[in-house]
There are 4 protein chains.
Amino acid sequence: MARLWVPIVLINFKTYIEAVGQRAVTLAKYSAETTRETGICVAIAPQTPDIGRITQDLDVPIFAQHIDPYLAGAYTGYVLPETVRDAGAIGTLLNHSEHRLRMDELEASIKRAQEAGLTTCVCSNVPAVGAAVAHFNPSMIAIEPPELIGTGKAVSKAKPEAVTEAVTMIKQVNGKIPVLCGAGIVDGSDVEAALDLGAVGVLVSSSVVKSKDPRTLIFDLANAATKYLH
Amino acid sequence: MARLWVPIVLINFKTYIEAVGQRAVTLAKYSAETTRETGICVAIAPQTPDIGRITQDLDVPIFAQHIDPYLAGAYTGYVLPETVRDAGAIGTLLNHSEHRLRMDELEASIKRAQEAGLTTCVCSNVPAVGAAVAHFNPSMIAIEPPELIGTGKAVSKAKPEAVTEAVTMIKQVNGKIPVLCGAGIVDGSDVEAALDLGAVGVLVSSSVVKSKDPRTLIFDLANAATKYLH
Amino acid sequence: MARLWVPIVLINFKTYIEAVGQRAVTLAKYSAETTRETGICVAIAPQTPDIGRITQDLDVPIFAQHIDPYLAGAYTGYVLPETVRDAGAIGTLLNHSEHRLRMDELEASIKRAQEAGLTTCVCSNVPAVGAAVAHFNPSMIAIEPPELIGTGKAVSKAKPEAVTEAVTMIKQVNGKIPVLCGAGIVDGSDVEAALDLGAVGVLVSSSVVKSKDPRTLIFDLANAATKYLH
Amino acid sequence: MARLWVPIVLINFKTYIEAVGQRAVTLAKYSAETTRETGICVAIAPQTPDIGRITQDLDVPIFAQHIDPYLAGAYTGYVLPETVRDAGAIGTLLNHSEHRLRMDELEASIKRAQEAGLTTCVCSNVPAVGAAVAHFNPSMIAIEPPELIGTGKAVSKAKPEAVTEAVTMIKQVNGKIPVLCGAGIVDGSDVEAALDLGAVGVLVSSSVVKSKDPRTLIFDLANAATKYLH
């Protein structure tokens, strides 16, 4: 099974048409190649129906974009952590700004994911939410100030104090939780800025998925992180 | 691509652990075999991550359990009709009693599914809701009186007037929409009762998925429908 | 208790700060005065905490903006139809574009409102949804094409075919349900256009609430409807 | 305006029919009388349409059962903190087990309530959620282990370690946030047990509202807290 390490570049495919089906496989292949070339962990989060298609041929760390907190049973239309793990995922995003969760359900979802052996990457908007999430012991927390999402302005540059404040508040609750930076990561310099501020990786999406040359961009993002490789 | 015809036996896998991953493939195989033996259309609705795994080797009509009404874009954690179709589904359930939808979203979801070439099977609880749904032109409507779900009492026997009333009200709106019976279908006699009342098929779940001998039960359900084969 | 008749001008206060507390009472007073002067039924839909404050001194027909479909019990933070009726409301809006409901809950909410003796005015977006809603036997249906909401372009003028199509489809299901026009009603000419197309009233909001002279505008809207008074 | 102090007995009226309209006023009167007799702060949380009816004649601290995090505007059917404050409420419950909130919305709702000058009492289920909530700086946190709600078994007796663990975890985040005990409070001995464990009050509901003699029970609950009065 695919492993995770840091620094990490985690690419969220969302429901972009450019990242569905065979195109999801192609992006996954670029990710695996970049990992081989740079030593940086490049992980992807495709739509759930595409997970199995990718893991069939490629060894790339895959996150689901969401799982539901239910136990197996009568929950038509929901997705269990066990099902995405069986399809080959090793983790899941949770509480993305496009898919916010109730607080009690987030706590339960993290537990359920862990029971199923999935790594959890929980998104948060403001530093106080990041600190609150830390009490639920997720594997990672991704900071995404909502005002920067989709702007092309990286939080690590446009609002560095949001990163350092969140990192500080999260570490006060639990010093072991790695923090990723999301929102507005466009190129390698944004990755460097994020890692300089105490993050161990980035969460990116449209800049890669909608790029004319996603292969090169994935390489650039990962390459910028190599100086933090131990 | 797999076809649909009537009579139809549609098996909802829900999130039952007995119907995940390789076990989903096994149930799909039983379904395909039953179709070959009886001539009845046996379709299945697995969890989305399992769709591709099944269609890879088997030619069985697959419904997603749910799709979201969004266009491709920034909708982390949701599932597009195009994605499940690319994975091999030919249709989707919508508005199941365990996954009710807002009225405007149901209308939009049916349209989106049709744009993506998916057949829609929309669940309804009371006859008035069935009639209302008919205005949105779904491919099929499944009637599931909530008070019978999971009781082992088939609506077709315990509450036949609920079936005939729903069939009548739906036909008044749109005479071409086929009606399925759900809730409490346990054996072949329930299927017969449903078809006698004007339904063209059944929607079943736990009775098959949790059966000690699902292969035999699937065959029995389908076999009971053969006298309605033209 | 206040009565309802047609033509009707129904003013939705939403959560506008200009229509809260004592300002809600002032708008209610203008409405009552306009009714006395014109003979047109002017009704209002304030926030729930303001209902009692208004009915204490004024005899004006009041709609809640929403009620929940629950029976009395353990539902913290929800609002029962009986509670708003006890506070003096005679009806409730349901399924407003800013507060869409699940289809099964809408059906149940209409029933619950009727049990509590409340008139229901159910909002719908497209004609097919209007027709669907008609199967639930609401007291009135308000048509609000979402693309016109808040534009200042009245549906009755900008998209008259949306009104006539909705009226026709609703009447085919149930000829007795009166239809109101919402979305973009700005002045008396919009009211006339709406009534000419077969509506019996209008649902207005920001144009009145945010008007510099709401008293005059309420009068103008009502006055434009007087030629339809029998 | 009504004040708050500790120890506090906070009575949630939910949507119980025994606590609507004039019956809400009667319960409020008992609460005010008990406060005068015992010196204990007895506060109530009626349905929003009843707030104004109570504050008109009585000086009793009133909490809304819920407010929405929106700014004034086009949010039909929602309730602003300003509106319940104008009706006479001094605070609001948030995130009750019957009305859970998204994490980001809870954070925003607490801020909005504070802007409107409302005290916030935020409910939490497990200790980790209590600690997480503490990062949002609510005025109070109420602990309600879901498995005890409505059982008649007080958390303070049946699961004292849940109280002490929650109190400890909350105090580690912010030592100034008072903690209330909810779930299963039936009589004065439950109140004593709660205060002995470090809580400063209780959140009760059905035991009072559905009591044959609510006046006596309210007195008993408050009286049990008097030894903690300073």
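Every interface residue of chain C, 100% of them, is also an interface residue in chain D, so the copies meet through the same surface. This is a predicted model, in which local features need pLDDT of at least 70 and side-chain atom pairs count only at pLDDT 80 or more, while totals for chains, interfaces and linings use all residues. Residues are numbered from 1 along each chain as its sequence is written, and chains are lettered from A and ligands numbered from 1 in the order in which they are written.

Two residues are in contact if their C-beta atoms, placed from the backbone, lie within 7 Å. The two contacts below are listed by the residues taken from each chain.

| Contact | Residues from each chain |
|---|---|
| chain C with chain D | 36 residues from chain C, 36 residues from chain D |
| chain B with chain C | 16 residues from chain B, 16 residues from chain C |

On the side of chain C that touches chain D, helix 2 (48–55) and helix 3 (81–86) of chain C give two or more residues. Helices are DSSP runs of H or I, at least four residues, numbered from the N terminus. Helix 2 of chain C provides the largest share of that side, 6 residues. By kind, the side holds 15 nonpolar, 15 polar and 6 charged residues. Here Ala, Val, Leu, Ile, Met, Phe, Trp, Tyr, Cys and Pro count as nonpolar, Asp, Glu, Lys and Arg as charged, and the others, Gly among them, as polar.

Chain C is superposed on chain D by a rotation of 180 degrees with 0.0 Å of shift along its axis (RMSD 0.0 Å). That is the relation of a two-fold axis. The C-alpha of Pro49(C) is the one in chain C nearest the axis, 2.2 Å from it. Copies are superposed by least squares on the C-alpha atoms of residues with pLDDT of at least 70 in both.
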